[in-house]
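Colleague: I have a few minutes before the meeting. Could you open the model and take me through what you computed, beginning with any enclosed space?

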Amino acid sequence: MSPLPSILIIDDESGILETLRILLKNEGFDVTTAQGGKAGLEALKTNMPDMVLTDVRMPQVTGIDILTAVREQDPETPVILMTAQASLQTAIQAVNEGAFYYIQKPFSNDDMVAICRRAAEHRMLRAENKQLKQEIRRRERSGQVKPLGKSRPFVDVMRLAEQVAPTESTVLIQGESGTGKEVIARYIHELSARGDGAFLSINCGALPESLLESELFGHVKGSFTGAVRDKQGLFAAARGGTFFLDEIGEMSPATQVKLLRVLQERECIPVGGTEAIPVDVRLVAATNRDLEDDIRRGRFRTDLYYRLNVINIHMPTLRERPDDIPIFVDAFLRRIAKEHGDEPKRLAQEAVDSIMVYQWPGNVRELENALERAVVLTKGQDIPAAALPVKITEPRPEPLVAERQHANPTLDVVEQAYITWVLQTEGGNKSRAAEVLGIDPSTLYRKLSRYEGGPKPADA
């Protein structure tokens, strides 16, 4: 709040506006006036006051419309409604919409001043309460349990996440599915100045293009079949917080163009709408795809990539952080036991051995699912290896050379076979494999990503 509580007065009658302006200014309020509802909405876009005093019955934009707009921008701002034609129905609607007070014209100056002072005190108390909660939250963060892991690759990720969290920079998190990209995104949010705001997320690959655009940007009534009312998009709903776009590589080219506008202009236009809505979010995106390869193939926009890739965080696979597996096992077994109301179970040695040598293509998510399955299937306290999925206890090695070979294997086939062999020799550790191969880790990641859809070292 400003030193003087600021108040926006909205009424379509200039005489009432001037009377209230003089009255409240003399009582110590910082007064702004707007004649009519449309002017009031424009004033709200420019600067949100500490409180709003508005007439209910106005042409085009009513006091209820003003109340709704204020609640969407800042639910903490008190709104006082005044009307010369009071009705029980309107009063009930005002209360349901969150009005601070409903006063009938004509009113006494003393009553109006008293109501406005109470609204100012309410606003001040809510602000102090919010500040107290933020302080408590900051203290909790100082002892906050960080995302699990102590291995060198993960420690490097945590150090970078903690370094970029206080900034407003856009972050792109890359890595295989199940490596914990959303966990790191939430951690960045919690450590940021937006930590008390919303953290909203959406999987761009889980929705069809038309529905994804509606979810991201919102839509106006009648913009398409089924749009029976206006809908607020997630960019607007995440105002003041962080918006996590998962699987950004699955976004269609048309939606990519609209997202680029959001990043460039800091505003978005709802589907079927004409007026831009300001965007105030910290954007964190994630993908398990090689976006640079997608750019070469014409699947992803270069300009959007560079807007997203301001800060790049690469999540290591579970294969690259074997030292963290015992930490995850202990945490997951404790969580599962707490959910079931039991004592934590423990892994028998043969189960530990199987877990430590398995390559975990599904990463942390696959490990968690395997442990939950094992707990359910185990009656005693010791989880045997037999309770784990067969593919973990009896993994089938993939041969580097098949029985039938190409008469003249291509260079790509030979290169892939050699890289696969080095990776297996180094226990799946891509950083060490890159050193043995004499190439940069980023080059190795690109080659492995290309192999997923390219030639195989052996026939199936």
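Modeller: The largest cavity holds about 40 Å³ of space, where a cavity is a set of points, on a 1 Å grid over the protein atoms alone, at which a 1.4 Å probe fits but cannot get out; the volume is the space filled by probe spheres set on the points, which are joined across faces, edges and corners. Please keep in mind that this is a predicted model, in which local features need pLDDT of at least 70 and side-chain atom pairs count only at pLDDT 80 or more, while totals for chains, interfaces and linings use all residues. Residues are numbered from 1 along each chain as its sequence is written, and side-chain values use heavy atoms, with hydrogens and water left out.

Colleague: How many cavities of 30 Å³ or more does the structure hold?

Modeller: The structure holds 1 cavity of that volume or more.

Colleague: And which residues line the largest cavity?

Modeller: Its lining, meaning residues with an atom within 4 Å of a point, consists of Leu-333, Ile-336, Ala-337, His-340, Asp-342, Glu-343, Pro-344, Lys-345 and Val-375. Helix 13 (residues 325–340) gives the most, with 4 residues; helices here are DSSP runs of H or I with at least four residues, strands are runs of E with at least two, and both are numbered from the N terminus. By class the lining has 5 nonpolar, 1 polar and 3 charged residues, with Ala, Val, Leu, Ile, Met, Phe, Trp, Tyr, Cys and Pro counted as nonpolar, Asp, Glu, Lys and Arg as charged, and the others, Gly among them, as polar.

Colleague: Staying with helix 13, which residue forms a salt bridge with Arg-334?

Modeller: That is Asp-330, with the closest N and O atoms 3.2 Å apart, a salt bridge being a side-chain nitrogen of Lys or Arg within 4 Å of a carboxyl oxygen of Asp or Glu. Both residues lie in helix 13, 4 residues apart, about one turn of the helix. An α-helix has 3.6 residues a turn, so residues three or four places apart point the same way.

Colleague: Is Arg-334 buried or exposed?

Modeller: Arg-334 is exposed, because its relative accessible area is 51%, and the cut-offs are under 20% for buried, over 50% for exposed and partly exposed in between, with a 1.4 Å probe and protein chains only. Asp-330, at 41%, is partly exposed.

Colleague: What about Arg-335, which side chain does that one meet in a salt bridge?

Modeller: Arg-335 meets Glu-368, at 2.8 Å from N to O. Arg-335 lies in helix 13 and Glu-368 in helix 15 (residues 363–377), so the pair ties together parts that are 33 residues apart in sequence.

Colleague: How many salt bridges does the count come to?

Modeller: By this rule there are 30 salt bridges. One of them joins the side chains of Lys-105 and Asp-11, at 3.0 Å from N to O. Lys-105 is in the loop between strand 5 (101–104) and helix 5 (109–142) and Asp-11 is in strand 1 (residues 6–11), so this pair ties together parts 94 residues apart in sequence. Lys-105 and Asp-11 are both buried.

Colleague: Changing topic, where is Thr-77 found, and what does it touch?

Modeller: Thr-77 is found in the loop between helix 3 (63–73) and strand 4 (79–83), and it counts as buried because its relative accessibility is 2%. Leaving aside residues up to four places away in sequence, Thr-77 touches Met-48, Pro-49, Asp-50, Met-51, Val-52, Val-70 and Arg-123, where contact means heavy atoms within 4.5 Å.

Terms used:
1 Å grid on protein atoms, 1.4 Å probe; cavity = no way out; pocket = protein on both sides within 12 Å on 5 of 7 lines; lining within 4 Å.
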